[in-house]
Amino acid sequence: MADPPDTTGAESVETFVFPERGRWVVEIAVVFPDGVVRHRIDTHSTKRRAEISANLIKRAAERDLRGPLNG
């Protein structure tokens, strides 16, 4: 599995789950001031597993956007 994209300087992040060739794909879109970067994360055999994966990835990326809690 590839490393997730770098979110330094990103403004927002979104994940997507969609079917492709009998599997469920998870993609992340990171919005920067100068454009959007989409990256395929992985595929899963069930929609539910893909949704769980997408949710965890989005939460982790949003945590990176906010920065450290203690400054």
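Student: In this predicted model, what makes Arg48 and Arg66 of helix H1 "exposed"?

Tutor: The term requires over 50% relative accessible area. Arg48 and Arg66 are classed as exposed, on the other side of H1 from its buried residues.

Student: Which residues of H1 are buried, and how do you know that they lie on the same side of the helix?

Tutor: Ala50, Ser53, Ala54, Ile57 and Ala61 are the buried residues of H1. They cover an arc of only 100° around the axis, and therefore they share one side of H1. These buried residues pack against E1, E2 and E3.

Student: How do you know that the length of H1 agrees with its number of residues?

Tutor: At 1.5 Å a residue, 20 residues should span 28 Å; the end C-alpha atoms of H1 are 29 Å apart, so the two values agree.

Student: Why is E2 described as largely enclosed?

Tutor: Buried means under 20% relative accessible area. Seven of the 10 residues of E2 are buried, so the rest of the structure largely encloses this strand.

Student: What makes E1 and E2 paired strands?

Tutor: Pairing requires at least two bridges. Nine bridges join E1 (residues 12-20) to E2, and the two strands run antiparallel; therefore the criterion for pairing is met. Within this pair, glutamate 14 stands opposite alanine 29 in E2.

Student: How do you know that E2 also pairs with E3?

Tutor: Nine bridges join E2 to E3 (residues 35-44), again in an antiparallel arrangement, where at least two are needed. Valine 25 stands opposite threonine 43 in E3, and a hairpin joins E2 to E3 through two residues.

Conventions: Residues are numbered from 1 along each chain as its sequence is written. This is a predicted model: local features need pLDDT of at least 70, side-chain atom pairs count only at pLDDT 80 or more; totals for chains, interfaces and linings use all residues. Side-chain values use heavy atoms; hydrogens and water are left out. Buried means under 20% relative accessible area, exposed over 50%, partly exposed in between (1.4 Å probe, protein chains only). Helices (H or I, at least four residues) and strands (E, at least two) are DSSP runs, numbered from the N terminus. The expected span of a helix is 1.5 Å times one less than its number of residues. The arc is that of the directions from the helix axis to the C-beta atoms. Contact means heavy atoms within 4.5 Å.
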